[in-house]
Structures are given as C-alpha cells and as structure tokens.
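Visitor: Could you pick one helix in this model and walk me through it slowly? I'd like to know how its ends look and what sits around it.

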Amino acid sequence: MDKAISTIVIAGAGTAGWMTAAALSRHFQNTPVKIRLVAASEIGTIGVGEATIPTIRTFTQSLGLDEMEMIRATRATIKLAIAFKHWNRKGTTFFHPFGGYGEDFGDVAFLQVLSRLRAEGQTADLDDYCLGAALAKAGKFAMPAGQAPFYGAFFDWAYHLDAGLYADYLRTFAMGLGVEHIDARIDAVNLDPDTGHIRSLGLNTGTTVEGDLFIDCTGFQALLIGKALGIGYEDYGQWLFCDRAYAVQSETTGPSPAPYTEVTARDAGWQWGIPLQHRRGNGYVYASNFTDDETALKTLTANVPGKMLFEPRQIKFRPGRRTQAWAKNCVAIGLSSGFLEPLESTSIALIQTGIEKLKQLFPDKGFHPALTNEYNDMSRREFERVRDFIILHYYASDRDDTAFWRACKTVPLPDTLRHKIELYKARGHFVRYRWEMFHPQSWLAIYDGFGWRPQAYDPATDGLKRDDMIEACKQMADFITTTVAKAPSHQDYLDYCNRMAPPSKVSA
C-alpha cells in the first residue's frame with residue numbers, strides 16, 4: 001500500500017493560507033501531490049500584518065520571484081529598521097536595524113571595545129557604527145555594493161507589504177502551479193472514528209473535501225486544530241498584557257515613505273505606523289486591563305497622520321500559542337498556531353518558519369510520532385524565544401508614568417530571559433538558544449536602546465591601544481557617513497523598482 005501523502009488540504013486563505021499554498025506548490029512542483037485550498041471569498045481576513053523581517057526575502061527567493069516585481073505588485077516599501085519612540089522615556093527614540101555593528105578587533109568583540117571606550121568617557125553611539133541604522137534615519141536605501149568592508153557596513157532589509165495585495169499575488173502564483181482554490185465555507189470538520197484524524201471538510205455547498213494532510217490557516221478561529229481536534233492554548237498573558245488592537249489605514253502624508261516601521265509607546269500599549277507606497281497602516285495595540293476601548297480608539301484616531309480611509313476595526317487576541325501545532329494529521333500555521341503581538345513584526349516570519357519546518361519533517365500517511373514531536377518541540381521553543389524578546393521591550397523601559405508601564409517592571413521573567421539579561425549585564429555576553437529568530441545584534445540593539453550597559457568588559461581589551469581603537473572607530477563612522485551621503489533616497493529606489501521591474505509572471 002502506498003503510504004505517500006497524495007492530497008494536502010489547506011483550510012483558510014489570507015497571508016498564511018496563500019504563503020503555505022505557494023511554498024508547498026513550489027516544493028512539490030514535479031510530484032503528483034495535489035494541493036487544495038478551501039476558503040470562502042466572502043470571509044474577511046485580519047490582514048494588518050504588513051511589516052516583515054528579512055526572512056521574507058528568503059521566502060521570495062525560494063519561490064523564484066523577482067524582488068522588484070513583488071515590490072511593484074504589492075505597493076511595498078523597504079524596511080531597514082524599527083524606530084522605537086517614547087519607549088525608554090518620553091521624548092526618546094532608538095532604532096532596531098537589520099544589520100551589524102562595528103567590527104571585532106581580532107578575537108575581541110566590538111561591544112567589548114565600545115564598553116571600554118565608554119568606561120573611559122567616550123560618548124560613543126552604537127548607531128554610529130551601523131550602516132543600516134544610518135540609512136534608515138536618513139530616509140535612504142540602495143542595494144549593497146559588493147562585500148561589506150566591516151561588519152557594521154553589512155545591512156539587511158525587509159518589506160512593508162499591502163497584506164491583501166500580497167495574498168492575491170501569492171494566490172495567482174500558487175494557482176499557476178496547480179493549486180485548486182475551492183471557494184466555499186467550512187461548515188464541518190469530519191473525523192475518522194477510529195484514528196481521530198481529520199477525514200474531510202464539509203462545505204456549505206453540500207460537498208466534502210477529503211485529504212491526507214490538513215493545514216489549519218483559519219486564523220484565530222482555529223477550526224481544525226482547536227475546535228475539531230481540541231488542542232489547547234497556552235496563554236502568555238502573565239508576561240504580555242496587551243490583548244486588543246484597533247487598526248485603520250490612512251492616506252499617505254509627506255513626500256516619501258520612511259524606510260522603517262514606527263512603534264510609538266502610548267499610555268497602555270503602543271501604536272504602529274507602517275508606510276506603504278499608496279497608504280499608511282496604523283494601529284494601537286493595548287491592554288484592556290489598563291484602558292477601556294473608547295479611550296484606546298480615541299488615542300489611535302488622535303494620532304493618525306492623514307485622512308483615515310475607513311472606520312478603525314477592533315481585533316481581540318490572547319498572546320500565546322497552541323500547545324501542539326501539529327496534532328494527528330493536522331498542522332496549524334499562522335494565527336491558528338498562536339499569536340504574539342506584532343511589536344517585532346514576527347507574524348509572517350512565524351508563518352514562514354512553520355512552512356519550513358513542515359517541509360523538513362514532511363510525513364507519510366503513517367504520521368510517525370517522532371516527526372510530530374520534533375515539529376511541536378521546535379515550534380514551542382521558537383514561540384518562547386520570540387516571547388522573551390518581546391517581554392524585554394516592556395521590562396527594560398524606564399517609563400513609570402502610567403499603571404501599565406509600572407506593571408511591566410514587575411513581571412516575573414521567564415528563566416530563559418532572566419539568564420540572558422544577567423549575562424549581558426555582567427559582561428556583555430549573548431546567549432544563543434535553539435530556534436532563535438533574533439540574533440545577538442538584535443538583542444544588542446534593544447539592550448543598548450534602553451540604555452543598558454555591561455558592568456564589565458573583556459580584560460583582553462586592555463591589551464589594545466586606546467588610540468588604535470579610537471582611530472578604527474572613526475574610520476568606520478566616517479565610512480558610514482560618506483556612504484549614506486551618496487545613497488539615493490528611499491523614494492528614488494521605489495521609483496526605480498516600479499520603472500525597472502520585469503514583466504510580471506504573476507498577474508492578479
């Protein structure tokens with residue numbers, strides 16, 4: 001008997017559904033595997049996750065898509081960093097860029113050198129040695145020209161996307177590779193009485209769709225993994241207080257979109273600002289225990305630049321994760337597998353890593369438990385690592401002007417995060433766990449942005465000549481200043497993409 005998976009059924013559309021369909025149709029392009037996506041066109045999607053991290057570029061490349069074509073089709077902009085406004089204290093701003101800082105001095109890390117110079121009275125700004133941060137602040141972007149001469153001259157980038165256009169773009173791509181879209185509402189999830197596996201989906205058309213492997217992309221409803229299979233949910237509310245959001249789009253203002261995401265701290269949460277070519281995404285993520293919905297709505301609408309394009313809509317969520325992302329013959333990808341507030345733009349990245357893990361551990365009809373267990377272990381660890389990174393943003397803040405910010409300072413930290421913080425504060429050491437989405441340079445950006453400094457530095461740094469360190473740092477800073485001055489504006493690059501993008505192979 002052939003045990004190979006022959007039919008994959010994806011339940012739900014939106015970004016998660018069509019990313020999954022696109023990736024799996026490409027992966028199984030030359031095989032007999034059939035892929036069907038079931039979603040009713042009249043059912044709306046959340047569609048506010050418009051900011052990404054650089055892993056999205058790997059996803060685009062894996063599909064064989066042209067970056068400029070995708071930018072033009074989705075009205076995307078470049079994202080070099082996240083700007084955190086009023087997070088440490090009111091009136092402050094710091095950046096989390098996608099790139100390196102400085103350059104190691106032999107086997108002595110750059111942070112150790114910077115720590116010594118700061119201890120000796122040098123007023124060194126970490127961003128002075130980061131090209132990505134400098135380009136973001138200047139509103140500029142250009143493709144890297146050759147190999148970076150030092151680590152701080154290396155930078156990466158992501159996109160701000162129109163989520164609806166992106167889903168349409170991937171839908172056309174996936175259907176071009178043979179994915180069948182069944183436009184119907186799922187009314188029933190039918191289980192096998194012997195195995196408990198999902199046997200088929202009952203549709204409002206009176207038909208059923210059978211499959212071997214089912215992928216739940218039904219969002220917060222979690223129709224398959226949660227309601228049908230009864231898999232529970234681990235709530236992260238003890239650490240992350242925000243549980244609601246209002247979102248709205250607005251007209252663009254100003255001559256050029258910024259090449260970074262804005263996240264602005266508010267009294268009971270934070271507000272996002274995501275610039276696209278044709279509009280701006282806005283939202284207020286807040287904690288319902290520290291403010292009411294009416295106040296939250298007023299806070300958002302009072303701080304939206306430009307005319308709102310529709311009435312803000314509310315989204316309620318519980319930060320946390322599904323206790324099993326893979327159960328029986330069902331894998332949850334996207335919001336059905338869990339949700340961490342979009343502070344570091346991880347929602348689309350978690351969709352992508354969920355797809356990659358499934359490709360790595362793809363089963364046959366026997367669904368060996370070792371594969372399921374490994375997938376669930378990796379998913380748990382990854383959610384916890386991102387959770388810890390987000391908790392840090394609240395815990396590290398010096399704000400104490402509202403009850404919300406005061407409560408953030410009293411959160412009992414997970415042991416994994418406490419361990420990281422202790423080692424950084426003691427000596428600027430970075431801990432790397434398995435399935436970390438954010439590298440040490442990202443942790444450094446947050447630690448340093450909140451003014452945290454290591455208490456000691458590597459004693460080997462004392463073997464370096466002070467004048468040599470100062471001169472090397474000056475050369476790096478001068479290179480970055482010169483490079484930024486020569487770089488074209490972000491808008492110039494977008495105009496170039498729109499003008500030079502090849503004829504689209506993916507037509508909506």
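Guide: Here's a close look at helix α6, followed by a quick word on the cores. Keep in mind that this is a predicted model. Helix α6 runs over residues 163–176, so to speak a 14-residue stretch. From its first C-alpha to its last it reaches 20 Å, close to the 20 Å expected at 1.5 Å a residue.

Start at the N-terminal end, which is capped by Asp162. A side-chain oxygen of Asp162 lies 3.0 Å from the backbone nitrogen of Gly164. Past the other end, α6 is followed by Gly178, and the phi of Gly178 is positive, near 105°.

Now for the body of the helix. Buried residues in α6 are Ala163, Tyr166, Ala167, Tyr169, Leu170, Thr172, Phe173 and Ala174. And what covers them? The cover includes three other helices: α1 (14–27), α2 (55–62) and α3 (67–74).

Leu170 deserves a second glance. Besides being buried in α6, Leu170 is listed with Ile8, Trp87 and Tyr394 as having the most contacts inside the largest nonpolar core, a set of 148 residues. The helix that gives the most to this core is α10 (residues 369–395), with 10 residues. There's also a second, separate core of 20 residues, with Val209, Ala222, Leu223 and Leu229 among them. As a rule, nonpolar side chains in soluble globular proteins tend to be buried together.

Methods
Residues are numbered from 1 along each chain as its sequence is written. This is a predicted model: local features need pLDDT of at least 70, side-chain atom pairs count only at pLDDT 80 or more; totals for chains, interfaces and linings use all residues. Side-chain values use heavy atoms; hydrogens and water are left out. A nonpolar core is a set of buried Ala, Val, Leu, Ile, Met, Phe, Trp, Tyr and Cys residues joined through side-chain atoms within 4.5 Å. Buried means under 20% relative accessible area, exposed over 50%, partly exposed in between (1.4 Å probe, protein chains only). Helices (H or I, at least four residues) and strands (E, at least two) are DSSP runs, numbered from the N terminus. The expected span of a helix is 1.5 Å times one less than its number of residues. Contact means heavy atoms within 4.5 Å. A polar contact is a pair of N or O atoms within 3.5 Å; within protein, one must be able to donate a hydrogen and the other to accept it, and residues adjacent in sequence count only if both atoms are side-chain atoms.
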